[in-house]
Amino acid sequence: MSRKRVIARRAVRDEGAALIGRLGADGPYELLGVVGIYLADCRRHEVDVPEHVQAVAGRLGLALGVAPRMVFAHLSTHNSAGHTFTHLPDEHMFTAYNGLGVLACQRAADALRRVAGVPIDGPLAAHLLDDARAALDDVLQHSRTLARELDGDRFFYNVRPYFKPHVVCGTPSTGAPTRVTTPRVCCTDRCSREIDLALGLCDPRDPFYQRILAEKYPYVPPEDQPRLRSIPADLLSRIEATSPNVERFLAVCRPTLPPTRSTTTGW
């Protein structure tokens, strides 16, 4: 390894550690994200993280009831300072379109949750089901744009390494379990669960499903964790085949898969 590279790696570790004590953020969860970005940066460049920085992450994670690391929310919906790992347009594109996908998934989940409070055959339910379908169509559109425009190789080699598993306070932290293996948008865990359960597409009592939720729980923002635990109303059990809104309901249920690419991003 060249002397110049060794110096650069030490600078990542030492200068970043010195800044941790002077950080300010809007809240403890966002502060955890800032510390987590530093931890991920050290992992990417294969330098040891000072113990006092790991301790900060550990205390924040314990107090918040979340994993002591950065997750995607810290780069999108909980990132008021606009922190990034690189200046590459590929990272900006991936973060932006996934962030838009998260917001669209939230709109769909919120609309379906509100359907439970109105007559399933009425005009209010029709409007909310149309809102849910439109939001999921937005997710699809963002996925298609990402699949079409993202440089998968550039992302894989220059951005993805920042999301490697790493050890914090002696405990391996792998990041949120994910289904994303191609450059496309993925809903948040809380929202995808609400959508699946509200539409009757999965059984909350299934042991495999419960284990997946248990694995995901530490990687969900604190404000979303209560909704991850709660079970939304099962709209499938309420709607009849003769309902004037049955086609709207089925339109929300019908899967429309985004295009895939051969390049694995492993977000």
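A polar contact is a pair of N or O atoms within 3.5 Å; within protein, one atom must be able to donate a hydrogen and the other to accept it. The legends below refer to a predicted model.

**Figure 1. Serine 243 and its polar contact with aspartate 121.** The side chains of serine 243 and aspartate 121 form a polar contact at 2.5 Å, a separation that falls within the 3.5 Å limit. Serine 243 belongs to the loop that connects α9 (225-229) and α10 (246-253). Its relative accessibility is 6%, so serine 243 counts as buried. When residues up to four places away in sequence are set aside, serine 243 touches Ile120 and Asp121.

**Figure 2. Overall composition of the protein chain.** Ten helices and two strands are present in the protein chain. Along the sequence, these elements follow the order α-α-α-α-α-α-β-β-α-α-α-α. The protein chain has 267 residues, of which 46% are buried. Contacts between residues at least 6 apart in sequence join, in 80% of cases, residues at least 24 apart. The accessible surface of the protein chain is about 13,800 Å², and carbon and sulfur atoms account for 55% of that surface.

**Figure 3. Lysine 164 in the loop between α6 and β1.** The flanking elements of this loop are α6 (152-158) and β1 (166-168). With a relative accessible area of 29%, lysine 164 is partly exposed. The C-alpha atoms of lysine 164 and alanine 40 are 7.4 Å apart in space, although 124 residues separate the two in sequence. Apart from neighbours within four places in sequence, lysine 164 is in contact with Arg43 and Arg69.

**Figure 4. Helix α3, with its buried and exposed residues.** Helix α3 comprises 14 residues, numbered 51-64. At 1.5 Å a residue the helix should span 20 Å, and the end C-alpha atoms are 20 Å apart, which agrees with the expected value. The buried residues of α3 are Val53, Gln54, Val56, Ala57, Leu60, Gly61 and Leu64. These residues cover an arc of only 155 degrees around the axis and therefore lie on the same side of α3. Glu51, Arg59, Leu62 and Ala63 are exposed on the other side of α3. Glycine 65 follows α3 and has a positive phi, near 75 degrees.

**Figure 5. Cysteine residues in a structure that holds zero disulfides.** Cysteine 191 takes part in no disulfide. The nearest cysteine sulfur to cysteine 191 is that of cysteine 105, at 6.1 Å, whereas a disulfide requires a pair of cysteine sulfur atoms within 2.5 Å. Cysteine 191 has a relative accessibility of 0% and therefore counts as buried. Cysteine 42 is likewise buried, with a relative accessible area of 0%.

**Figure 6. Backbone conformation at glutamate 46.** Glutamate 46 has a positive phi of about 60 degrees, although this residue is not a glycine. Most residues other than glycine have a negative phi. The loop that contains glutamate 46 runs between α2 (28-44) and α3. Glutamate 46 counts as exposed because its relative accessibility is 54%, and the threshold for that class is over 50%.

Technical notes:
Residues numbered from 1 in each chain as written. Predicted model: local features only at pLDDT ≥ 70, side-chain atom pairs only at ≥ 80, totals over all residues. Heavy atoms only, no water. Helix = DSSP H or I, 4+ residues; strand = E, 2+ residues; numbered from the N terminus. Buried < 20%, exposed > 50% of the residue type's maximum accessible area, 1.4 Å probe, protein only. Contact = heavy atoms within 4.5 Å. Areas by Shrake-Rupley, 256 points an atom, 1.4 Å probe, with all protein chains shown as cover. Expected span 1.5 Å × (residues − 1). Arc of directions from axis to C-beta.
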